[in-house]
Each structure stands twice: as C-alpha cells, then as structure tokens.
Amino acid sequence: MKEHDPIVFIVDDDPSVRDGLESLIRSVGLRTMMYASGQEFLRAAHPDAPSCLILDVRMPGQSGLDLQRELRSTGIQIPIIFLTGHGDIPMTVRAMKEGAMEFLTKPVRGQDLLDAVQKAISRDRRLRQRRAELMDIRARFDSLTPREAEVLKLVVAGLLNKQIADELGTSELTIKTHRAHVMEKTRADSLAHLVRMSEMLKRSIAE
Amino acid sequence: MAPVLLDVFIARNPAKEQTRTRALLRFVAAIALVALALWLSLALQVRFDNPFWFFLAIAVICSTWIFGKGPGWLAVGLSSIAALYFFVPPYRNWNVRLRDFPFFLTFVLCQVITNWLVSWRIDTEEKLRRARDELEVRVEERTAELKSANDALLHRMAEQRRAEEALQATRAELAHVGRVTTVGELTASIAHEVNQPLAAVVANADACVAWLGLQTPNLDEARSAAKRAVEGATRASGVIARIRSLIRKTPPQQAPVQLNQVIEETMAIIAGQVLRNQVNVSLELAPGLPQVLGDRIQLQQVILNLMINAIEAMAAVSDRQRQLLIRSKFDGNQRAVWISIEDNGIGVSAETMVRIFEPFFTTRTQGIGLGLPISRSIIEAHGGRLWAESAEGHGSVFQFTLPGADGAAL
C-alpha cells in the first residue's frame, strides 16, 4: 500500500470489537490503524492521506465525545463515525453539531459501516483537495507586493484602471503594469477567475 | 522529697508570717488606742478638774470593734489598770480605799459587759457573712450542676439529630437502590453488558463473510475473524449465565468444598484472560487446607469475580510486570480458612473504597456494579467475611475468610 492510500483509524477500548472492525475494513482493501484509547490515538503519528476515524462513544477515561472536542480544539479536521451502544438523542445531536459524519449503533451492520467509511473518506479526500488548492492560492497571493495587493483589492472591487489610478494617486499606465503582474503572479486566466480565487480565500479566512 | 518539703515551706511561711504580724499590729493598735484615751482623759482632767475616764470605755469599744476580741480584752485589762492608777482615789497610786472599791468594780464590769456585747455582735455578723458565702458557693455549685445537665441534654439532642440524619441517608440509599433495581434500569445495564460482545460477534462475522467473498478468499483472515466471533458469543453467553445465576434464588448447597481446588479450577477458566493481559500469576496455597462447608458454585463465582476484578485493575498498568498473587492459609486460632487475591494494579482511592461494596456502584464503563456486593453477600451467607485493602496506584488486596468445616482436613 502506498503512502497516500486512504486510511481508517479505529479507536475502541474493547479489543474483540476493535479486531472485528479492523478485519472488516481491511477486507475491502483499506488501510487501518487501531488504538485502545483517545490518548493513544492523539500520541500516534498519522500518515498524510485521506482518512476517517471510527470512534467508540463509551470508553473508560476519555470518552469519544471528549476526543472529538479535543481534536476540534487542536484544529485536526477528520471525519468521525461514532459507534455507540445506545445513543440517546441529546448525545447524538451534540456529536453531530460538533461535526460528526455519522452515528451508528452497536452492533453495527457491516455494510452500513463500510458505506459510512467510504462516504467519510471521499469527503475527506475532497476536503483535503480543497485545502491543498487553497494553500496553493494563498501562496500565490502572498507573493504579491504591498502595492500589487492594494491594486488587487480595488480591481476585485470592480474599479476601472482610471479610477484605481485616481484612488492611489498615480498614473493609469502604472496601474496597468501592476495589474499585469497581479494576473501573472496569481496565474489568473481572466478577471472572473481572479475574483473567484480571492472570494475563496476570503471565505476560508472567515471560516 | 526535699524539694517538695522546701516548696511547702516557701509556700506557707510568708502567709503565716503575715498573719502573725497582722495580729501583733492589732494588739499594738489596741494599746495605742488605750494610751490615746488615757492621754485625752488626763489632759482634760488637768484642764477641767473632773475625771474624764469614759474615753477608756470608747477605746475598749473601738479596739474590739476594729481589731477583734483579743485586742479588745487587752484594752479592757489595760484600761482597768489605768483607771485603778489614775482615776480611783487616791489618784496616781495603786492603793484602793474600801469605799471606792464598788466604783472600780463597776468600771471593770462595765468594760467587760461592753466588750462582751461588741464581741457578740461581731460574732453574729461573722456567722451571717459565712452563711451568705456558703449560700453563694452552694448556688454556684447548683448552677454548675444545672449547666452540665444542660450540656448533656444538648449533646444527647445532637446525637439524636445525627442518628436521624444517618437514618435519613440510609433511607435515601434504600430508595436509590429501589429505584435503580426497577426492571427497566436493570434491563438497560444487562443490555449493555450483552451488547458489547454482540457487537464484536457481528463485526467479526461480517469480516469473515467479507474475507470469504473476495475473488480469492482469504481463509486465514476469515478463520481468525470467525474465531473472534465465537469468542464474543461465548462472552455474551457468559454474561447471560452470570445474570441468570444472580437472579436464581436456589438455596445454597451445603457440601464440603476444598478451596485450593476451586482456585485451581478457576485459574483454568481465566487462563485465556491471564495470557491476553500478560499477567504473571503466583499461587501460594497452603497444603492440607481444611475444607469449608458451602455451595461450591457460589464460592467459585466469588473467587472468579475477585480474580477478574484484579486482572482488570491491572489493565492500565504498563510500567511494571502485572502480578496476581493468590494465597490460602488456615488460621488455627479462628478456625477459619483465609483466601487473599492481591494485584499490583491501579488500586482504589479511599473515596471509592467506601462505596465499592454498594450495589450498582461501578468504576468501569462496562459492568453493572453487582459483583462485589453479591460476592460479599455470598461470603457472609457462608458465615465468613469479605473485605478489601488498597493503596491507590499500588494495587489492592481482596480477602475473605470462611469457617473451616470441623475435622475435615484434606
């Protein structure tokens, strides 16, 4: 298996449940890693690959919900599939609000779990792609000089070159040159593309 | 000895000396009063030519009144002598003429009567004062008695209140047990106990099917998944059997039981768990341990329960070798068989320790918290005692005693 193949993390304190889940998931050709507790999971190194986390809610010490909160607070984004003996509604709502992908009750049907895993992994893959894309765009935008950034702001706001020149107190020709640099550095095909990229960045910062 | 005597001396002498000096002073003062009276009388006599002897009477009264009876009598004596010398003719002479004798006698008599009257008055006053003091002391004593009685009453009231509070707490606890033992709650606990192994069964069975369903079935994986499924099912049925035996209320059988043998059998039952958890077990069983009278299955449940608890208490231990020590011995004095099950696990905190024998108290996420209370009730039903000692972080010792069956050494 390759470095970037998808991987499923399983955190459950009951070894026989853990082994069964692990075997089931491995049987469809996915990579797995098992942990007996949330602490163990946090301590371990995780390969950079699309992944999801199967998490038992009820564990001695740190519960699954505690681990979810800790992951969120440390900024680790990973889709979580919760397993529970008898999940009550408030608990489910809480987990979902915190961003859980799925809430399955034990004993869970194999196919249900596999479906949830596939869905979670493809979502993580999408998210990762988007994150990578965003990082790329950010890097490009970060390479602009302060003056170019100012020009960019006004271009995106829909001002004409002449208006921008007035605003910044310089000639239209200079603005044209800056603008060409901006388009080149951000690798924008058109004005519409530039606007779309800067909107994406703005949204990701807002999030 | 010597210092004590010395102490007594030092303590007593100054006081005694003081009273003696005071008495002396009072006599001297009486003499001075008489002398003053005499001087006044003589001075006035020279001036007015009449015998002013009645100042002497005043001196006697004052002496008795102010300085006490002793000085009073001294004043009477002195003034009589002075009267004889100065005021009975012939003046300034000790001789008394026969016709002046009644005068002198009357003088002395008056002095004596006066002194006696004053003394009587002083005595009466003294008695009165003493009576009043005594009354005060007695009132004080009675007040103290009353106060201590009052304190005792308050104490008893506080004690009663405490007892009432304890009763209330017991009642609340009973109510709690009553509430949690409602069928619904118990079912939920049991459901969770059974659900966990069932989840393992389903997951493993699904995995097994999946491995078999591959284009080239992976038989090794399928086999181990099937094995785990069987394990889980066995675990589930074990839980059910445990619960059934809890609910079953058959009267305990009374037969001679050799506990060493029971321990060895139980070891065989949990051998898998011991291996999986990498626990090092040592047995120190006393040879020739007397048999006990009881229900073999129930006693085995107790031992099994204590052993599983011990193994689970060591699950989180990773910095040292997990040690399970099981010992048996016969206490000749008590005629009792003693069994102890000792682990070096996480131990039990003092707060938890007080509660571990309460029904439905558990520190584990799995488990309904009935193991220890039922174990204890089984041992107590056999006339024995079950108790625990623990140091948090260092492990626990659970031990019980059972009366040895008479003359039944094996």
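Select helix 7 (residues 259-269) of chain B, where B:Leu259, B:Asn260, B:Val262, B:Ile263 and B:Thr266 are buried. Here a residue is buried if 20 or more other C-beta atoms, placed from the backbone, lie within 10 Å of its own, and helices (H or I, at least four residues) and strands (E, at least two) are DSSP runs numbered from the N terminus. These buried residues lie on the same side of helix 7 of chain B, because they cover an arc of only 160 degrees around the axis, taken from the directions from the helix axis to the C-beta atoms.

This is a predicted model, in which local features need pLDDT of at least 70 and side-chain atom pairs count only at pLDDT 80 or more, while totals for chains, interfaces and linings use all residues. Residues are numbered from 1 along each chain as its sequence is written, and chains are lettered from A and ligands numbered from 1 in the order in which they are written.

Next, display what covers the buried residues of helix 7 of chain B, including strand 1 (255-257), strand 2 (279-285) and helix 9 (296-313) of that chain.

Then move to the largest nonpolar core, which has 43 residues; such a core is a set of buried Ala, Val, Leu, Ile, Met, Phe, Trp, Tyr and Cys residues joined through C-beta atoms within 7 Å. Among its residues with the most contacts (C-beta atoms within 7 Å) are A:Val8, A:Phe82 and B:Ala203. Its largest share, ten residues, comes from helix 5 of chain B.

Select B:Ala203: beyond residues up to four places away in sequence, B:Ala203 touches A:Val17, A:Gly20, A:Leu21 and A:Leu24. Apart from this core lies another, of 31 residues, among them B:Leu259 and B:Trp338.

Key: A residue is buried if 20 or more other C-beta atoms lie within 10 Å of its own, exposed if 12 or fewer, and partly exposed in between; C-beta atoms are placed from the backbone. Two residues are in contact if their C-beta atoms, placed from the backbone, lie within 7 Å.
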